[in-house]
Amino acid sequence: MLEGKFESASLMKRLVEAIKDSVKLCNFNCSQTKGITLQAIDDSRVLLISLKLDPGCFEGFRCDKNLVLGLDLESLSKVLKQGNNEDYLTLIAEDAPDNLLVVFEDPKKDRISEFSLKLMDIDSDVLSIEDMDHDCSITLPSSDFAKVARDMRTLSESLQILVTKDSVKFMASGPIGTGSVIIKAHTDLKDGKESIKIDLNKSVNVTFGAKYLNDIVKASTLAETVTIKLTNKIPALFEFKLQGGYLRYYLAPKFDEDEE
Amino acid sequence: MGIRGLNRLVAENAPKAIRSNEMKSFFGRKIAIDASMCLYQFLIAVRQQDGSSLTNDAGHTTSHLMGFFYRTIRMVGYGIKPCYVFDGKPPVMKGGELEKRLKRRQDAEEKATKAKEAGEAQELQKFQRRTVRVTREQNEEAKHLLRLMGIPYVEAPCEAESQCAELAKAGNVYGAASEDMDTLCYQPTVLLRNVTAAESRKLKIDQYDIKEVLKGFDMTIEEFVDMCILLGCDYCETIRGVGPVTATKLIRKYKSLEKIVDAIKQDPKSKFKVPDNWPYKEARELFLHPEVKPGSEINLKWEEPDVEGLVQFMVKENGFSEQRIRDGAAKLKKALKGGTQGRLDGFFKVSGSVSSGKKRTASDSKDKKKKRKTGRSRR
């Protein structure tokens with residue numbers, strides 16, 4: 001029996017909205033100790049999503065037996081849209097479930113809505129992700145990053161990121177012209193979340209597909225800051241910290257043939 | 001052409017080895033394509049409404065140019081980097097097969113003439129398609145076109161399929177594309193089918209993983225090749241009466257063709273008869289050690305298309321629409337820019353798999369099982 005109760009439905013709502021354009025079908029792994037985890041890779045095998053919701057993310061969490069719930073995110077999104085952000089949200093599944101029960105409770109109006117979502121049989125590969133040492137780590141307000149990613153996409157299908165000691169330069173060049181945005185490290189004393197932090201071991205020059213970055217920044221509603229870890233020629237990590245968990249994206253870079 | 005029944009046999013014995021994917025999921029991949037097979041395909045399939053091939057003003061066929069141009073651009077549009085491999089001289093062993101093909105073609109030609117006289121349009125089309133043969137000029141034209149498009153090609157010393165496989169093995173490309181199941185015997189890491197199929201057929205690309213194929217059959221590559229020879233390849237005849245089922249059984253029992261041949265010869269009651277001077281050893285040798293150019297000596301490079309060259313060749317000489325050719329060239333150019341999208345596969349290894357279906361089958365009680373069944377059917 002799985003029973004996970006969220007204090008507000010907004011977390012799940014935002015989560016599913018953030019990732020449903022990248023992956024369609026995924027397996028949610030549930031266990032008493034680890035909470036709910038998910039690993040999914042997009043069809044083109046360029047972007048990997050790793051989600052962890054510790055039991056601490058929930059107001060109440062109980063999972064008697066490890067469960068794998070195969071869900072169609074499109075359907076889950078439809079159901080989650082039925083609830084309000086402030087509603088309590090409870091996910092319930094039996095030990096050998098055919099359905100996932102999604103329950104919303106409106107605390108003020110005493111209204112309870114209940115949905116039963118059919119589960120899917122999904123086979124998915126699990127990739128082992130080793131902790132990698134990255135050449136640089138950037139933490140910045142997620143909304144800032146989202147704006148850059150969205151703006152630059154209008155210029156080009158690729159976004160180049162250049163990181164030097166105290167600045168990050170985003171560059172795009174396309175048929176209509178070129179553009180660049182430079183951000184510098186700074187500490188905002190009034191609001192720490194507005195600070196930009198750059199840790200650098202080695203300068204980095206990487207290029208990513210703008211489409212994927214735009215998928216990633218859909219998660220910027222989940223956390224105020226995003227941490228980006230980059231190394232030349234290996235997948236980058238974009239992490240959005242959640243209360244008691246994380247949503248991570250691993251994105252393979254683009255590269256030029258000739259450089260090899 | 002091809003090995004009879006191998007496709008079905010693989011599907012039965014090694015279902016895990018076959019994956020069907022959308023073409024777009026192969027983006028960023030380099031793929032070696034059997035160009036000689038494409039030439040045939042295009043000459044046969046790319047036709048006008050009335051069934052005659054496309055021609056330029058001088059009456060020369062241009063079906064193959066159309067095919068190479070548009071299908072290549074389609075692949076490139078999906079981010080795939082194609083490289084073509086052309087047949088060299090056919091192996092001596094293939095003489096018998098080639099003779100058969102020539103005969104078949106002559107037959108078809110006769111029938112085509114008859115059909116024409118009788119005025120049966122459909123029959124005529126059918127047989128005309130069978131009379132198709134690729135000329136040296138068409139080969140050269142295709143190469144010329146690819147050069148102008150900036151798409152690399154390799155001239156195989158011998159068979160194109162084996163060279164494709166070599167490129168895949170050596171890591172020059174991700175996989176070998178051919179419709180011919182023979183290619184599996186040359187052990188490309190990955191064999192792709194339907195890559196050059198017409199878009200309108202909406203076929204998914206079937207991907208065969210040779211390691212999984214062998215695992216599924218529980219055979220070594222030598223045993224697998226022997227089995228394919230029994231099934232019937234281009235290089236030698238088969239033992240009459242041995243079909244896919246018997247072939248698998250025999251290989252499983254005796255492990256090699258030598259022993260099978262011995263066993264049949266020693267057993268006077270055997271219903272099989274081994275052909276005289278059966279050159280199975282030579283055939284096997286051709287599959288296991290084909291004559292190829294080593295991948296390490298080949299450098300594949302995708303370059304900017306020569307737009308003016310393309311216009312000259314395709315529009316002025318062969319009567320294609322200038323607008324379309326220019327649009328195509330622009331697509332080629334665009335795809336070349338901005339680098340190749342890398343994939344995660346190379347960095348993260350698959351460490352296992354999770355299945356939401358299996359977990360549920362793992363539970364025991366009976367009434368739950370019933371429920372489960374309905375659950376699945378509701379999908």
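This tour moves through a predicted model, chain by chain, and names a selection to make at each stop.

**Chain A as a whole**

Begin by selecting chain A and displaying it as a cartoon. The chain holds 4 helices and 20 strands. Of its 260 residues, 41% are buried. If one takes the contacts in chain A between residues at least 6 apart in sequence, 65% of them join residues at least 24 apart.

**Helix H2 of chain A**

Next, select residues 73-80 of chain A, which form helix H2. Which residues of this helix are buried? They are Leu73(A), Leu76(A) and Leu80(A). Turn the view until it runs down the axis of H2(A): the buried residues fall within an arc of 60 degrees, and they therefore line one face of the helix. An α-helix has 3.6 residues a turn, so residues three or four places apart point the same way.

Now add the elements against which the buried residues of H2(A) pack. These are helix H1 (10-19), strand S2 (25-31), strand S6 (67-72) and strand S9 (111-118) of chain A.

**Two single residues in chain A**

Select Arg62(A), which is located in strand S5 (residues 60-63) of chain A. Add Glu3(A) to the selection: the two residues are 59 apart in sequence, yet their C-alpha atoms are 5.2 Å apart in space. Arg62(A) is partly exposed, because 13 other C-beta atoms lie within 10 Å, and that class falls between exposed, at 12 or fewer, and buried, at 20 or more.

Proceed to Lys233(A), in the loop between strand S17 (225-230) and strand S18 (236-242) of chain A. Lys233(A) is not a glycine, but has a positive phi of about 65 degrees. With 14 other C-beta atoms within 10 Å, Lys233(A) is also partly exposed.

**Chain B as a whole**

Select chain B, whose secondary structure comes to 16 helices and 9 strands. Buried residues account for 39% of its 379 residues.

**Helix H1 of chain B**

Select residues 6-13 of chain B, helix H1, in which Leu6(B), Leu9(B) and Val10(B) are buried. These residues lie on the same side of H1(B), because they cover an arc of only 100 degrees around the axis. Their packing partners in chain B are strand S1 (18-21), strand S7 (205-209), helix H8 (210-217), helix H9 (221-231) and helix H10 (244-254).

**The nonpolar cores**

In soluble globular proteins, nonpolar side chains tend to be buried together. Select Ala32(B), Ile33(B) and Val85(B), which touch the most other members of the largest nonpolar core, a set of 88 residues. The largest share of this core, 7 residues, comes from H9(B). Where does the core lie with respect to domain 1 (16-217) and domain 2 (221-288) of chain B? Both domains give residues to the core, so it lies between them.

A second, separate core has 74 residues, including Met12(A), Tyr212(A), Leu222(A) and Leu230(A).

**Last stops in chain B**

Select Lys255(B), in the loop between H10 and helix H11 (257-266) of chain B. Its phi is near 75 degrees, a positive value in a residue other than glycine. Lys255(B) counts as partly exposed, with 15 C-beta neighbours inside 10 Å.

Finally, select residues 98-125 of chain B, listed by UniProt, in an unreviewed entry, as a "coiled-coil region". In the model this span is 93% helix and 0% strand, and its end C-alpha atoms lie 23 Å apart.

Technical notes. Residues numbered from 1 in each chain as written. Chains lettered and ligands numbered in written order. Predicted model: local features only at pLDDT ≥ 70, side-chain atom pairs only at ≥ 80, totals over all residues. UniProt positions renumbered as here; feature names shortened; annotations may be inferred. Helix = DSSP H or I, 4+ residues; strand = E, 2+ residues; numbered from the N terminus. Arc of directions from axis to C-beta. Contact = placed C-beta atoms within 7 Å. Core = buried A, V, L, I, M, F, W, Y, C linked by C-beta atoms within 7 Å. Domains from an automatic or database assignment.
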